[in-house]
Amino acid sequence: MARTAAPPLPIAVIARHMTPSPATIDADRSLAEAHRLLRRRGIRHLPVVAGGHLVGILSLRDLHLLETLRDVDPEKVTVEEAMTRGPYTVEPGASVEKVAETLAENKWGSAVVVDAGRVVGMFTTTDALKFLARLLRNERLRAARLRTVRRKRHGLPD
């Protein structure tokens, strides 16, 4: 009998670690507007929407590359012309482990979190590293508590 994967623990779901309500940009806006929004918000990934639904993603790296091209006028070129279509999307209940594995395997910097066709969050490599730091901190604290318990059990000073 095949084993089914256990559902993710409540602490290890994307919804707990994503950036909620991310900035988005309409596909018909200019690259210059997108760049201003990215700078103002201090972000590197911008979901692109049309009619409220996700249609692509634009990264700061994409913009920097396009701005080096001689024939590209950021005030005239639209986000739709420059975006990446079909970005990696996940649901809020997705496993952090699986999403992080997918991001790492593909060398992607983000996952767009979508619920019922609407963008509800972003999970980026920065979010993954914050989660890793919390796990390591908790593990360090757990190990310190365990050492204290063992020392007390053997009558040793703290």
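This tour proceeds through a sheet, a helix laid across it, a second helix with its surroundings, and a pocket. The model is predicted.

**The sheet**

Begin by selecting strands 1, 6, 7 and 8. Together they form an open sheet of four strands in the order 1-8-7-6, and the pairing is mixed. Strand 1 (19–20) and strand 6 (89–90) are at the edges; each has a single partner strand, so one side of each is left without a neighbour in the sheet.

Next, restrict the view to strand 7 (residues 110–115) and strand 8 (residues 118–124). These two strands run antiparallel and are joined by six bridges. Two residues of strand 7 may be labelled here: Val114 stands opposite Val119 of strand 8, and Val113 stands opposite Gly121 of strand 8. At the turn of this hairpin, two residues lie between the strands, and Ala116 takes a positive phi near 55°.

Now add strand 1 again. Strand 1 pairs with strand 8 in the antiparallel sense, over two bridges. Select Pro20 and look for its bridge partner in strand 8, which is Gly121.

Is strand 8 mostly covered or mostly uncovered? Five of the seven residues of strand 8 are buried, and the strand is thus mostly covered.

**The helix across the sheet**

Select helix 5 (residues 125–153). Helix 5 lies across strand 1 and strand 8, and runs at about 60° to strand 8.

From here, select His17, in the segment before strand 1. His17 has a relative accessible area of 8%; because a residue is termed buried under 20%, His17 is buried. Display the side chains of His17 and Arg134 together: a polar contact of 2.8 Å is made between them.

**Helix 1 and what covers it**

Move to helix 1 (residues 31–41). Which residues of helix 1 are buried? They are Leu31, Ala32, Ala34, His35, Leu37 and Leu38. An α-helix has 3.6 residues a turn, so residues three or four places apart point the same way. To see what covers the buried residues of helix 1, add the elements around them, which include strand 2 (25–26), strand 3 (45–50), strand 4, helix 2 and helix 3. Just after helix 1, Gly42 takes a positive phi of about 65°.

Within helix 1, centre the view on His35. This residue is buried, with a relative accessible area of 9%. Neighbours within four places in sequence set aside, His35 is in contact with Leu60, Leu63, His64 and Glu67. One of these deserves a distance label: the side chains of His35 and Glu67 are joined by a polar contact of 2.6 Å.

**The loop after helix 2**

Select Thr68, located in the loop between helix 2 and helix 3 (79–82). Is Thr68 buried or exposed? Its relative accessibility is 60%, and Thr68 therefore counts as exposed. A polar atom of the Thr68 side chain lies 2.5 Å from the backbone oxygen of Leu65.

**The largest pocket**

Finally, display the pockets and choose the largest, which holds about 450 Å³ of space. Its lining consists of 16 residues, of which His45, Ser59, Trp108, Gly109 and Ser110 are the closest to the centre. Colour strand 4 (53–59) and helix 2 (60–67) to complete the view: these are the elements that give two or more residues to the lining of the largest pocket.

Note on methods
Residues numbered from 1 in each chain as written. Predicted model: local features only at pLDDT ≥ 70, side-chain atom pairs only at ≥ 80, totals over all residues. Heavy atoms only, no water. Pairing = 2+ DSSP bridges. Contact = heavy atoms within 4.5 Å. Axes fitted to C-alpha atoms, helices over the stretch in contact; angles between N-to-C directions. Buried < 20%, exposed > 50% of the residue type's maximum accessible area, 1.4 Å probe, protein only. Polar contact = N/O pair within 3.5 Å; in protein donor to acceptor, adjacent residues only side chain to side chain. 1 Å grid on protein atoms, 1.4 Å probe; cavity = no way out; pocket = protein on both sides within 12 Å on 5 of 7 lines; lining within 4 Å. Points joined across faces, edges and corners; volume = space filled by probe spheres on them.
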